[in-house]
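Work through the following exercises with the sequence and the model side by side, and try each task before reading its solution.

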Amino acid sequence: MPLLASALTSVSSATVRGTPKLNTHKPSCIMAFDFGTRQIGLAVGQTLTASGQPLAVLKARDGQPSWQQIADHIKQWQPDTLIVGLPLNMDGSESPFCQRARKFARRLQGRMVLPVKMVDERLSTAEAKSRGDRHDSYRENPVDSEAACLILETWLQDPALGILP
């Protein structure tokens, strides 16, 4: 093995006198969902810059999305992990809506055969609404994809916050 390759291997695979390991993981694409009964926000991001971008707002009927639309987005973006917002109450307890979000997350995991994590989404929609200059109505210009982006960025900043559905 050439000297440079040997040195790089030893530096990337071990801690050297208190110096942390270099990140040898490949960047991952992550997709996030803000679940709702009428609309589901979708965002995509990646781990290299820990940033996301709003992608789409998908229509749903009583919480049932077009699974084909979701599959199409997944095929296009090829995420490694899916994130679903968990709508906890302000005191951290589970809201009645949490069970519906968990059911969606489990279905998503089963249908798309990808790992799914859930992240506390408290105030994500309120924050999404407060960003920017929004004088139009929520119905005409929904913020669900922006809320999904906030959920995604929460997870990207600390993946340990993700829990199983």
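**Exercise 1.** In this predicted model, decide whether Gln78 is buried or exposed, and then describe its backbone and its place in the chain.

*Solution.* Begin with the relative accessible area of Gln78, which is 59%. A residue counts as exposed over 50%, so Gln78 is exposed. Next, look at the backbone, where the phi of Gln78 is near 50°, a positive value in a residue other than glycine. Finally, place the residue along the chain: Gln78 lies in the loop between α2 and β5.

**Exercise 2.** Carry out the same steps for Val113, and state in which loop it is found.

*Solution.* Val113 has a relative accessibility of 68% and therefore counts as exposed. Its phi is positive, at about 50°, although Val113 is not a glycine. The loop that holds Val113 runs between α3 and β6.

**Exercise 3.** Determine whether Ser28 is buried or exposed, and find which residues it touches.

*Solution.* Ser28 is found in the loop between α1 (3-13) and β1. Its relative accessibility is 19%, and since buried means under 20%, Ser28 counts as buried. Once its neighbours within four places in sequence are left aside, Ser28 is in contact with Gly45, Gln46, Thr47 and Asp80. With Asp80 there is also a polar contact of 3.4 Å, which joins the two side chains.

**Exercise 4.** Write down the order of the strands in the open sheet, explain which strands stand at its edges, and say which helices lie against it.

*Solution.* The sheet has 6 strands in the order β4-β3-β2-β1-β5-β6, and their pairing is mixed. At the edges stand β4 (64-65) and β6 (116-120), and because each has a single partner strand, one side of each is left without a neighbour in the sheet. Further inside, β1 (residues 29-34) and β5 (residues 81-86) run parallel and are joined by 4 bridges. In one of these pairs of strands, Phe33 has Val84 of β5 as its bridge partner. Helix α2 (residues 67-77) packs on the sheet, touching β1, β2 (39-46), β3 (51-61), β4 and β5, and its direction makes about 160° with that of β3. Helix α3 (residues 97-112) lies across β1, β2, β4, β5 and β6, and runs at about 170° to β5.

**Exercise 5.** Find which residues have the most contacts inside the largest nonpolar core, and which element gives the most to it.

*Solution.* The largest nonpolar core has 24 residues, and those with the most contacts inside it are Phe33, Ile70, Leu82, Val84, Phe104, Leu108 and Met112. Two or more residues come from each of β1, β2, β3, α2, β5, α3 and β6, and α3 gives the most, with 6 residues. Take Val84 as an example: beyond its neighbours within four places in sequence, its contacts include Phe33, Phe104, Leu108, Val116 and Ile151. A second, separate core of 11 residues includes Ile30, Ala148, Leu152 and Trp155.

**Exercise 6.** Check the span of helix α5 (residues 144-157), and decide how far it is enclosed.

*Solution.* At 1.5 Å a residue, the 14 residues of α5 should span 20 Å, and its end C-alpha atoms are 20 Å apart, which agrees. Then consider burial: 11 of the 14 residues are buried, so α5 is largely enclosed by the rest of the structure. Among the buried residues of α5 are Asp144, Cys149, Glu153 and Trp155.

Definitions and conventions: Residues are numbered from 1 along each chain as its sequence is written. This is a predicted model: local features need pLDDT of at least 70, side-chain atom pairs count only at pLDDT 80 or more; totals for chains, interfaces and linings use all residues. Side-chain values use heavy atoms; hydrogens and water are left out. Two strands pair if DSSP finds at least two bridges between them. Contact means heavy atoms within 4.5 Å. Axes are lines fitted to C-alpha atoms, for helices over the stretch in contact, and angles run from 0 to 180 degrees between N-to-C directions. Buried means under 20% relative accessible area, exposed over 50%, partly exposed in between (1.4 Å probe, protein chains only). A polar contact is a pair of N or O atoms within 3.5 Å; within protein, one must be able to donate a hydrogen and the other to accept it, and residues adjacent in sequence count only if both atoms are side-chain atoms. The expected span of a helix is 1.5 Å times one less than its number of residues. A nonpolar core is a set of buried Ala, Val, Leu, Ile, Met, Phe, Trp, Tyr and Cys residues joined through side-chain atoms within 4.5 Å.
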